[in-house]
Structure formats: C-alpha cells, structure tokens
Amino acid sequence: MTPTVTAIIQARMNSTRLPGKAMMDLAGRPLLHHVFERILVTKGVERVVLATCEEEETGKLIRLAESMGIGVFIGSRDNVLERFWQASEKFGGDLIMRATGDNPFTDPGYAALSIQAMIATGADLCYFPDLPLGTGVSMVKKSALDEAYRKSDRPHQLEHVTPYIHEHPERFNLLVRDIGIAIPFPRPRLTIDTTEDYELAKTIYDHCYHGSPFTLDTVLRFLEKNPALLSINSEVEQRPMTHSSTQ
C-alpha cells in the first residue's frame, strides 16, 4: 500500500530578520502564494497544510491558505517542532513533507523525487543537500517525527523540527545524498531571510514567472545569463540548524 504524503508548510508574519515577508509581493502575488502553488502541484502530495501561530496579521496567512484549499493549523510560535508535530497529528500522513514559507523557489520536480526516494528506500528522513538553498524540501517518516517530538529537549531541536533526527543517525535511517546537479557558478542563495534575498527573488520572479511555477533549471539559466545578480545576497550569512532565537 502506497504511503500517504502530507506537506506541512511553516510560515508566520513576524519573522525576526524580515517581518511580513510571507505576504511580500512577487510578480503580483504574495510570496506565500508561490510556496503554496509549488507544493500543490508536486506529484505525490495528497494534502497541504499551513502550520502557523497566533500573531498580529496571521489572519492574512490563514485567508490565503483557505482561498487555495489548504488546511490550517495554529500552534506554538517558538516551539516549531510542537507546532509541526501537532499539525501532523491533526491532518495525518505516513510521510510528512516539510517546506517553509520563505522558499518561493521550492522545486516541485525535486520535491516529488524526494517522495519517490523515501518510498523506495523506507528512509526516516530524506533531503538532497546539493540543491541550492531554498529549493528543496525535507521528507520525514511520521514515526520518526513522533520520536523526535517525544525526545527533543534542546532549544535548537524545538525550533528547527529535524535536528534530533540528524543528531541520532544510530537510531534513524537517513537518506542524505547529492543528486549530481551541475551549477556552473557559485551556488545561489534562493531563500528569503533578508531584504537582499527579497531583492534577488523579486528580480527572478519579474523575469521568470508567467502565471505558473517555473523550474530550478529556469532559474539557473537566467542567473547564468545575468551573473551580476548573484552578488545581491552573496554576503548574507545563513543561520545554522544549531541556531535558536530562544537561547
């Protein structure tokens, strides 16, 4: 029997580095709309859920999700693992896809490939580390997520969902492998945490978005023709998975 797949997208309005980014405009639509759109067209995903928290203006996220037929769960602001796990409990699924609301370049093709890899191998966790930052997803088996929820007790484990699983390879079957993607220039940063990230994303969307999700290959071809754009956010430092804003 084929495992069921639920995609849970984490998003909130009051992010620390770029507040309100989830509703910032990209090619005439909110950033989060594009994230939803990309996950909705990913082959193998059976249901899509927004996992958010109660904050000022959260209603904007909820209304957007509901307008696109996406389920909503409202949980803890700081304990993201708890919010994510509770959403998985409410909406079900044998395999859970983790996506975030600041990644409007999530590639549906590679996301579908991660589902296929999970099903083929029976892994507890799967992601492709050689994809550019912000273009991939993580897949986690529900039973592994359950254990992580029960046993995580360090701040960064509660804030980033999967660190406990990463930190205990003796307990879990980790499928973390490169897929051989060739990028003929410095690996681009395709997530949105800062104004520089948003500036790059807006430029790409203005040129590449024509009403439906475009592929990572399209992005890479555009950047190859416009290499100066890579400098826009090249100095932005990515926070490690061990970072916690509550420490």
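Thr106 is found in the loop between strand E6 (95-100) and helix H4 (108-121). Helices (H or I, at least four residues) and strands (E, at least two) are DSSP runs, numbered from the N terminus. The model is predicted: local features need pLDDT of at least 70, side-chain atom pairs count only at pLDDT 80 or more, and totals for chains, interfaces and linings use all residues. Residues are numbered from 1 along each chain as its sequence is written, and side-chain values use heavy atoms, with hydrogens and water left out.

The relative accessible area of Thr106 is 2%, so this residue is buried. Buried means under 20% relative accessible area, exposed over 50%, and partly exposed in between (1.4 Å probe, protein chains only). Neighbours within four places in sequence aside, Thr106 is in contact with Arg38, Ile39, Gly134, Thr135, Gly136 and Val137. Contact means heavy atoms within 4.5 Å. A polar atom of the Thr106 side chain also lies 2.9 Å from the backbone oxygen of Asn103. A polar contact is a pair of N or O atoms within 3.5 Å; within protein, one must be able to donate a hydrogen and the other to accept it, and residues adjacent in sequence count only if both atoms are side-chain atoms. Asp153 is 47 residues from Thr106 in sequence, and the two C-alpha atoms are 29 Å apart in space.

Two of the residues that Thr106 touches, Arg38 and Ile39, are buried residues of helix H1. Helix H1 spans residues 31-40 and is mostly covered, with nine of its 10 residues buried. Among them are Leu31, Leu32, His33 and His34. Val35, Phe36 and Glu37 are also buried.

Helix H3 (residues 80-91) holds Ser88. Phe84 is found in helix H3 as well. Ser88 has a relative accessible area of 1% and is therefore buried. Phe84 is buried too, with a relative accessible area of 1%. Residues up to four places away in sequence are not counted in the contacts that follow. Ser88 touches Ile8, Ile96, Lys142 and Leu145. Phe84 is in contact with Ile8, Gln10, Ile96, Met97, Arg98, Leu145 and Val161. The side chain of Ser88 has a polar atom 2.6 Å from the backbone oxygen of Trp85. Between the C-alpha atoms of Phe84 and Arg98 the distance is 8.7 Å, with their positions 14 residues apart in sequence. Ser88 and Val137 are 49 residues apart along the chain, and their C-alpha atoms are separated by 16 Å.

Val161, a contact of Phe84, lies in the loop between helix H6 (155-160) and helix H7 (163-166). Its relative accessibility is 0%, so Val161 counts as buried. Val161 is not a glycine, yet its phi is positive, at about 75 degrees. Most residues other than glycine have a negative phi. Ala27 also has a positive phi, near 55 degrees. This residue lies in the loop between E2 and strand E3 (29-30). With a relative accessible area of 28%, Ala27 is partly exposed.

Ser15 is found in another loop, between strand E1 (5-10) and strand E2 (25-26). Its relative accessibility is 13%, so Ser15 counts as buried. A polar atom of its side chain lies 2.7 Å from the backbone oxygen of Leu18.

The whole chain has nine helices and nine strands. Of its 247 residues, 53% are buried. The radius of gyration is 17 Å, which agrees with the value near 18 Å for a compact globule of 247 residues. This radius is taken over C-alpha atoms, and the globule rule is 2.2 Å times the number of residues to the power 0.38. Along the principal axes, the C-alpha atoms fill a box of roughly 45 × 40 × 35 Å. Among contacts between residues at least 6 apart in sequence, 71% join residues at least 24 apart.

The accessible surface of the chain comes to about 11,000 Å², and 49% of this area belongs to carbon and sulfur atoms. Accessible areas come from the Shrake-Rupley method with a 1.4 Å probe; for residues, only the protein chains shown count as cover. The chain has 26 positive and 32 negative side chains. Lys and Arg count as positive and Asp and Glu as negative, while His and the chain ends are not counted. The centres of the two sets lie 3 Å apart, with each charge placed at NZ of Lys, CZ of Arg, CG of Asp or CD of Glu.
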